[in-house]
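Please open the structure in your viewer and keep the selection tool ready. The stops below go residue by residue and strand by strand.

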Amino acid sequence: MEQQNPRPAETANAVCSRCGTVAEGTPPTWTCSVENGTRHYLCDACARENIRAIEGRLDSDWW
């Protein structure tokens, strides 16, 4: 199985897939996921909201 490189080869502006925020280059604090072979970036704020939403759905036994 071929492993994908999470960093793009070119240095383009990253765009948040959720809110549309544009950043110069790819900030190291942004989240990147690969879905169906396409990279998706989330800015700091959207990544934080997404993580909190996931945590909110966990059973209290998890904590």
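Start by selecting Cys16 and Cys46: the sulfur of Cys16 has its closest cysteine sulfur in Cys46, 3.7 Å away, which is too far for a bond. A disulfide here is a pair of cysteine sulfur atoms within 2.5 Å. Add Cys19 to the selection; Cys19 is in no disulfide either, and its nearest cysteine sulfur, that of Cys16, is 3.7 Å away. By this rule the count of disulfides is 0.

Before moving on, note that this is a predicted model, in which local features need pLDDT of at least 70 and side-chain atom pairs count only at pLDDT 80 or more, while totals for chains, interfaces and linings use all residues. Residues are numbered from 1 along each chain as its sequence is written, and side-chain values use heavy atoms, with hydrogens and water left out.

Stay on the cysteines and switch on a surface. Buried means under 20% relative accessible area, exposed over 50%, and partly exposed in between (1.4 Å probe, protein chains only). Cys16 is buried, at a relative accessible area of 3%, whereas Cys19 is partly exposed, at 44%.

Now colour by secondary structure. The protein chain has 1 helix and 4 strands, in the order β-β-β-β-α from the N terminus on. Helices (H or I, at least four residues) and strands (E, at least two) are DSSP runs, numbered from the N terminus.

Next, select Ala14, which lies in strand S1 (residues 14–15). Is Ala14 buried or exposed? Ala14 is buried, with a relative accessible area of 3%. Take contact to mean heavy atoms within 4.5 Å. Leaving aside neighbours within four places in sequence, Ala14 is in contact with Thr21, Val22, Ala23, Gly25, Thr26, Pro27, Trp30 and Tyr41. For a distance label, use Thr26: Ala14 and Thr26 are 12 residues apart in sequence and 5.4 Å apart in space, C-alpha to C-alpha.

Extend the selection to Ala14, Cys16, Ala23, Trp30, Tyr41, Leu42, Cys43, Cys46 and Ala47. These 9 residues make up the largest nonpolar core. Such a core is a set of buried Ala, Val, Leu, Ile, Met, Phe, Trp, Tyr and Cys residues joined through side-chain atoms within 4.5 Å. Strand S4 (38–42) and helix H1 (44–56) are the elements that give two or more residues to this core. In soluble globular proteins, nonpolar side chains tend to be buried together. Centre on Ala47: apart from neighbours within four places in sequence, Ala47 is in contact with Thr31 and Leu42.

Go on to strands S3 and S4. Strand S3 (residues 31–35) runs antiparallel to S4, and 5 bridges join them; two strands pair if DSSP finds at least two bridges between them. Which residue in S4 is the bridge partner of Cys32? The partner of Cys32 is Tyr41. Further along, Glu35 stands opposite Thr38 in S4.

Follow S3 into the turn. S3 and S4 form a hairpin with 2 residues between them. Select Asn36 in the loop between S3 and S4. The phi of Asn36 is near 55 degrees, a positive value in a residue other than glycine. Asn36 is exposed, with a relative accessible area of 85%.

Finally, show the whole chain. Buried residues make up 17% of the 63 residues in the protein chain. Among contacts between residues at least 6 apart in sequence, 36% join residues at least 24 apart.
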